[in-house]
Amino acid sequence: MGLPVTVSQIIIKELEDAGIGFVSSVPCKQLAGVIKGVDASNSIRHVPATREDEGMGLCAGAYLGGKRAAILMQNTALGVTINALATLIQFYRMPLPMLVSYRGEVGEPVACQVEMALHTKALLSQLHVPTYHFHNPEDVRELGAIIDHCFMCSKPVAVLMDAHFWKGQGE
Amino acid sequence: MKRADVISAAMQVVTDELVICNIGSPSQELHAIRDRPGNFYMLGTMGQASAIGLGLALSQDRPVIAIEGDGAVLTSLGTLATIGNNPAPNFTLLVIDNGSYGSTGNQPTYTRANTALAQVAAACGCENVVECEGKDIGVVLQRALSSGKMTVIVCTCAPGNAKSPVIRMDPVVIRERFMNEVRSENT
Ligand SMILES: Cc1ncc(C[n+]2csc(CCOP(=O)(O)OP(=O)(O)O)c2C)c(N)n1
Ligand SMILES: [Mg+2]
């Protein structure tokens with residue numbers, strides 16, 4: 001891969017360095033580069049999910065099996081994951097880094113995406129999910145510490161990554 | 001035969017397999033019939049046991065059985081496609097198809113009418129799909145476990161719940177006990 005240059009490549013390196021061995025995902029345009037990266041990774045098993053709550057089930061299983069697991073998803077899917085978050089990940093106290101493409105923020109071309117953006121932080125806050133917002137590309141340097149924090153406290157932790165953060169690098 | 005009889009017969013052939021069980025009466029019956037550290041009771045959401053089971057099977061070597069219900073499979077039909085496209089040779093999905101949402105009062109599911117889950121599973125790419133009746137589950141499960149191939153078993157039985165107490169174990173204890181069991185065998 002050479003020197004990591006795009007934020008997507010840095011994210012892959014941070015995931016690998018944090019010992020993440022299992023990733024489930026449902027695509028978002030902004031996550032395309034990261035998804036390509038997990039597919040290419042030798043140390044990460046990527047299992048695409050058909051829906052994000054299923055992805056959380058897969059991650060929970062991987063964690064029970066001794067792997068560090070993470071999920072890649074779009075914030076529009078937060079609604080379908082609430083049940084899985086509350087009754088699986090939180091109820092059984094499991095760590096789960098959620099790398100969330102934060103659609104509907106400034107720079108968003110699709111009006112409908114704004115509707116879920118309005119609820120994203122409120123829902124995460126209501127669920128007591130520690131939430132971090134990456135807005136500038138250099139924020140990606142926090143990812144390793146956030147993943148460590150997630151496994152330290154055994155909670156789902158959300159990282160919201162908005163359009164300004166990706167700046168066209170998601171392709 | 002009802003679900004509890006199927007679980008009972010299935011647990012007769014279970015030795016060191018890890019078992020992930022569907023919410024509600026299935027978990028309560030399994031807990032009453034044979035509680036063990038290698039059981040993980042999914043107490044919250046229907047439709048998650050198959051995904052948890054697959055993730056577990058793909059992440060370690062021990063055989064895994066996910067005990068699902070027909071209602072649970074219907075609510076997460078997409079998971080059959082995920083299973084069909086990510087086969088784990090150590091994974092067995094046992095769908096106990098009682099044609100009903102048993103735990104919530106035996107309301108009929110669509111498998112009692114026009115929907116055949118075995119065909120859905122096959123169309124989703126699951127290569128080894130076996131249909132059986134409750135009375136044959138011991139033999140069928142034993143065969144699946146020794147086949148070395150991922151198998152989906154759709155086992156039909158009559159609706160009805162056995163009287164078994166609610167599971168009062170703390171979820172973190174269930175999870176920790178289970179993970180210790182996984183670790184102990186893998187080292
Ligand atoms: C997402 C969700 N919706 C509804 C329920 C309520 N509920 C609990 S068990 C159950 C029936 C499940 O039926 P099935 O999977 O066929 O299992 P059975 O009890 O028949 O063995 C329902 C609807 C739930 N727990 N989770
Ligand atoms: Mg049922």
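**Reading helix packing and a shared ligand site**

Trainee: Let's start where the chains touch. Which residues in α3(A) meet α3(B), and which ones do they meet there?

Mentor: From the α3(A) side you have Glu54(A), Gly57(A), Leu58(A), Ala60(A), Gly61(A), Ala62(A) and Leu64(A). Facing them in α3(B) are Ala51(B), Ile52(B), Leu54(B), Gly55(B), Leu56(B) and Ser59(B). Sorted by class, that contact has 8 nonpolar, 4 polar and 1 charged residues. Keep in mind that we're looking at a predicted model.

Trainee: Okay, that's the residue list. How do I describe the geometry, and what are the angle and the axis distance for α3(A) and α3(B)?

Mentor: Two packed helices are described by the angle between their axes and the distance between the axes. Here, α3(A), residues 52–64, packs on α3(B) at about 40 degrees, with the axes 6 Å apart. That makes the pair oblique. As for handedness, α3(A) crosses α3(B) in the right-handed sense.

Trainee: Let's try a pair inside chain B. Are α3(B) and α5(B) roughly parallel or oblique?

Mentor: Go back to the angle. Helix α3 of chain B (residues 49–59) and helix α5 of chain B (residues 78–85) pack at about 20 degrees, their axes 10 Å apart. Angles under 35 degrees count as roughly parallel, so α3(B) and α5(B) get that label. The crossing of these two is left-handed.

Trainee: And who's touching whom between α3(B) and α5(B)?

Mentor: Ser50(B), Ala51(B) and Leu54(B) from α3(B) meet Thr79(B), Thr82(B) and Ile83(B) from α5(B). By class, you get 3 nonpolar, 3 polar and no charged residues. Notice that Ala51(B) and Leu54(B) also turned up in the contact with α3(A).

Trainee: What about chain A by itself: at what angle do α1(A) and α2(A) cross?

Mentor: Roughly 45 degrees, with the axes of α1(A), residues 7–17, and α2(A), residues 32–40, coming within 8 Å. That's why α1(A) counts as oblique to α2(A). Their crossing is right-handed. Ser8(A), Ile11(A), Ile12(A) and Leu15(A) of α1(A) meet Gly33(A), Val34(A), Gly37(A) and Val38(A) of α2(A). The class tally for this contact is 5 nonpolar, 3 polar and no charged residues.

Trainee: Now the ligand. How many residues surround ligand 1, and which are the closest?

Mentor: With a site, begin with the neighbours and the chains they belong to. There are 18 residues around ligand 1, the closest being Arg3(B), Gly71(B), Ala72(B), Ser100(B) and Gly102(B). The surrounding residues come from chains A and B, so the site is shared between chains.

Trainee: Then which side chains or backbone atoms make polar contacts with its oxygens?

Mentor: Check side chain and backbone separately. An N or O atom in the Arg3(B) side chain is 2.7 Å from a ligand 1 oxygen, and one in the Asn98(B) side chain is 3.1 Å from an oxygen of ligand 1. For Gly102(B), a backbone N or O atom is 2.7 Å from a ligand 1 oxygen.

Conventions:
Residues are numbered from 1 along each chain as its sequence is written. Chains are lettered from A and ligands numbered from 1 in the order in which they are written. This is a predicted model: local features need pLDDT of at least 70, side-chain atom pairs count only at pLDDT 80 or more; totals for chains, interfaces and linings use all residues. Side-chain values use heavy atoms; hydrogens and water are left out. Axes are lines fitted to C-alpha atoms, for helices over the stretch in contact, and angles run from 0 to 180 degrees between N-to-C directions. Helices (H or I, at least four residues) and strands (E, at least two) are DSSP runs, numbered from the N terminus. Angles under 35 degrees count as roughly parallel, over 145 as roughly antiparallel, 65 to 115 as roughly perpendicular and the rest as oblique. A crossing is left-handed if the near helix is turned anticlockwise from the far one by less than a right angle, and right-handed if clockwise. Contact means heavy atoms within 4.5 Å. Ala, Val, Leu, Ile, Met, Phe, Trp, Tyr, Cys and Pro count as nonpolar, Asp, Glu, Lys and Arg as charged, and the others, Gly among them, as polar. A residue is near a molecule or strand if one of its heavy atoms lies within 4 Å of it. A polar contact is a pair of N or O atoms within 3.5 Å; within protein, one must be able to donate a hydrogen and the other to accept it, and residues adjacent in sequence count only if both atoms are side-chain atoms.
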